[in-house]
Amino acid sequence: AWSAISVQRPIFDTGSEGAGNAIGTGGTVTVAHTVTTEGASRALFVGVGINASGTVSGVAVTYNGVALTLVTNSNVGVPNIRAFYLLNPATGTNNIVVTYTITTGTIQTVVIGASFIYVNQTTPYDAVATDTSSAVTTNTISPTATDRENVLDFLIKIGLETDAASVQLTGQTQINQKDQAG
């Protein structure tokens, strides 16, 4: 006798992107994002890239007014990247809102949203890997992934898209790219 259990792999739903600039004491970046009504066990992941000449604090992300949970913060140097998630976000089109405080100077912010269906609601993510290298032209991170897991990268670089294109490795698919300049 035997039994089999079909375990659904997370499936990409939709992506969104936006950018903003602020001078002085703080700012807000708002990005519309649509979460499908199809499928079950939804999750929204948001990457926030920050390029600031001053000290940034109080970075918070909401979707439809609900706070997201911080996954990781590569708060070393410039650019700084933070990743957040929200389980079972509201369906339909709602806003991802990123708010922050800056002591002085200017801040440039890029926001990337990616929603998925069939995400494990107990353990929505596993390994987290970050690389804050700035002196090389290629950053390579190697998070551990097993069968039925996806790897979601948020890559932030300073400069325009045309400066150097990102290159996907075998098995990777780019779902969004946002140039901070527009």
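Three aromatic pairs are present in the structure, which is a predicted model. In one of them, F12 and F116 meet edge-to-face, with 5.7 Å from centre to centre and 70° between the planes. F12 belongs to strand β1 (residues 11–23) and F116 to strand β9 (residues 106–117), so this pair ties together parts of the chain that are 104 residues apart in sequence. The two partners differ in exposure: F12 is partly exposed, with a relative accessible area of 33%, whereas F116 is buried, with a relative accessible area of 10%.

F116 also pairs with F45, and this arrangement is again edge-to-face, at 6.1 Å centre to centre and with 75° between the planes. Distant parts of the chain are linked here as well, since F45 is in strand β3 and F116 in strand β9, 71 residues apart. F45 and F116 are both buried. Together with Y85, the residues F12, F45 and F116 make up one aromatic cluster.

F116 is in addition among the residues touched by R42. R42 is located in the loop between β2 (26–35) and β3 (43–52). Leaving aside residues up to four places away in sequence, the contacts of R42 include V35, T36 and T37, a group formed by L86, L87, N88, P89 and T91, and, besides F116, also I117 and Q121. R42 is buried but has no salt bridge. The nearest side chain of opposite charge is that of D13, at 6.8 Å, and a salt bridge would require a side-chain nitrogen of Lys or Arg within 4 Å of a carboxyl oxygen of Asp or Glu.

Terms used
Residues numbered from 1 in each chain as written. Predicted model: local features only at pLDDT ≥ 70, side-chain atom pairs only at ≥ 80, totals over all residues. Heavy atoms only, no water. Helix = DSSP H or I, 4+ residues; strand = E, 2+ residues; numbered from the N terminus. Buried < 20%, exposed > 50% of the residue type's maximum accessible area, 1.4 Å probe, protein only. Lys, Arg positive; Asp, Glu negative; His and termini not counted. Contact = heavy atoms within 4.5 Å. Phe/Tyr/Trp six-rings, centres within 6.5 Å; stacked < 30°, edge-to-face > 60°.
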